[in-house]
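Let's take a walk through this one together. Have the sequence and the 3D view open side by side, and we'll start from a single residue and work outwards.

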2 protein chains.
Amino acid sequence: MVRYEHPPISAVSARDVFQALSDPIRLEIARRLARRGAQNCSELSDARPRSTMSHHFKVLRDAGVVRTLVQGTEHINSLRSEELESRFPGIVAMILDDDDERSEADAAAFAR
Amino acid sequence: MVRYEHPPISAVSARDVFQALSDPIRLEIARRLARRGAQNCSELSDARPRSTMSHHFKVLRDAGVVRTLVQGTEHINSLRSEELESRFPGIVAMILDDDDERSEADAAAFAR
DNA sequence: TACATTGTTCGACTAATTTCGAAATACAAC
DNA sequence: GTTGTATTTCGAAATTAGTCGAACAATGTA
C-alpha cells in the first residue's frame, strides 16, 4: 500500500470523531500530534505492539482525525487540525484538554 | 433513589464526553435534548426496552452530559448545555451536527 | 540480490459494551 | 394499603472492540 485513503472532511461525522477519540490510546495520539506536530508511528507507540498501534491509526484515519503520509519506509501521521477545526470548531481544544490530574482529583472528591 | 448524582462540570473529561457520545442512541438522545429541551425518559425511548434506555441515560449522566431531575414518577432529562459549552466550547454544535444524509452520501462517494 | 526497517493484515483471544427480560423501587392517587 | 405508572437494577446472552503474535508487503541500503 503506497498511499492511504482519507475521507473528505465534509464526510466526517461527529459520531465518527467521538468514537475515534473515545479510546484513551487514540486520544493520546491525537493529543501528541496536536502538541508536537507530525510524527511517525513508532514515535507514538510507547512500546506497544505495532499491530495494536496500526489498528488505532486506522481508526483515527477512517474517522478523518488523522492524515498519514508515506515517506520512504515510515508513515508520517498528522492531526487534520485545520480541517477538523473548520468542520467542528472547538474540537482541537477538546483534544488538547487533558487535565487528568485535576479531573481525577475532582472525580475522587465527587465520589465521596 | 430520590435524586441523582451528577459530576461537577470541572470533573468532566473530554474522554468521558467522547465516549458517552460515541454511541448512536446516546448521541441521538443528546441531540433531541439540545433541540427540543428537557424530556422524560419515555419520550426519548423510541419503543426500545426501558432497561436499555436506562443504561444509556446513566452513561450520559455519569459522563456529565445530561442532568436528570426526578419529578413525581417521571425523570426529566436535560442537556447540561451551558456548563458543557463553557467547559468545551463548540461541543453543543457538534452534538447538533447531524447531517447524516449528507455524510452518508459523501461517505458513499468516498467509498467508490 | 539480500537484508534491515517500518508498518499492515490476518486470525485468535480477551475484555468491554450493549441489549433485554424479570424483579425491584419510587411515587402519586385512590 | 392497593393499584398504576415510570424507571432502575440485576443477571445473562449477544455483539463489538481492543490486543497481540505471526506472516506479509513496501521501501531503502549495502
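Is Arg15(A) buried, partly exposed or exposed? Keep in mind that this is a predicted model. Arg15(A) has a relative accessible area of 30%. Buried would mean under 20% and exposed over 50%, so Arg15(A) counts as partly exposed.

Now look at where this arginine sits. Arg15(A) belongs to helix H1 of chain A, which covers residues 14-20. Within its own chain, Arg15(A) has its C-alpha 8.8 Å from that of Ala63(A), although 48 residues separate the two in sequence. Across in the other chain, Arg15(A) touches Leu21(B), Ser22(B), Asp23(B), Pro24(B) and Leu27(B).

Step back to chain A as a whole. Chain A has seven helices and three strands, and reading from the N terminus the order is α-α-β-α-α-β-β-α-α-α. Of its 112 residues, 43% count as buried. Take the contacts in chain A with a separation of 6 or more: 65% of them come from residues 24 or more positions apart.

Next, the place where the chains meet. Chain B puts 29 residues into the contact, and chain A puts in 29 residues too. Interface size is often quoted as the accessible area lost when the parts come together. Here chain A and chain B bury about 2400 Å² between them, and carbon and sulfur atoms make up 68% of that.

What about the polar side of things? There are two salt bridges between chain B and chain A. One of them can be picked out by eye: the side chains of Asp97(A) and Arg87(B) pair up at 3.0 Å, N to O. The two chains also have four residue pairs in polar contact, counting pairs with both residues at pLDDT 80 or more. On the chain B side, the elements that give two or more residues to the contact are helix H1 (14-20), helix H2 (24-36), helix H6 (91-96) and helix H7 (100-111). That side of chain B breaks down into 15 nonpolar, seven polar and seven charged residues.

Finally, how are the copies arranged? Chain B superposes on chain A after a rotation of 180° with 0.0 Å of shift along the axis, at an RMSD of 0.0 Å. The two copies are therefore related as by a two-fold rotation axis. The interface residues tell a matching story: 100% of those in chain B are also interface residues in chain A, so the copies meet through the same surface.

Terms used
Residues numbered from 1 in each chain as written. Chains lettered and ligands numbered in written order. Predicted model: local features only at pLDDT ≥ 70, side-chain atom pairs only at ≥ 80, totals over all residues. Heavy atoms only, no water. Contact = heavy atoms within 4.5 Å. Buried area = accessible area lost by both parts, 1.4 Å probe. Salt bridge = Lys/Arg side-chain N within 4 Å of Asp/Glu carboxyl O. Polar contact = N/O pair within 3.5 Å; in protein donor to acceptor, adjacent residues only side chain to side chain. Helix = DSSP H or I, 4+ residues; strand = E, 2+ residues; numbered from the N terminus. Nonpolar A, V, L, I, M, F, W, Y, C, P; charged D, E, K, R; others polar. Least-squares fit on C-alpha atoms with pLDDT ≥ 70 in both. Buried < 20%, exposed > 50% of the residue type's maximum accessible area, 1.4 Å probe, protein only. Lists of a residue's contacts leave out its neighbours within four places in sequence.
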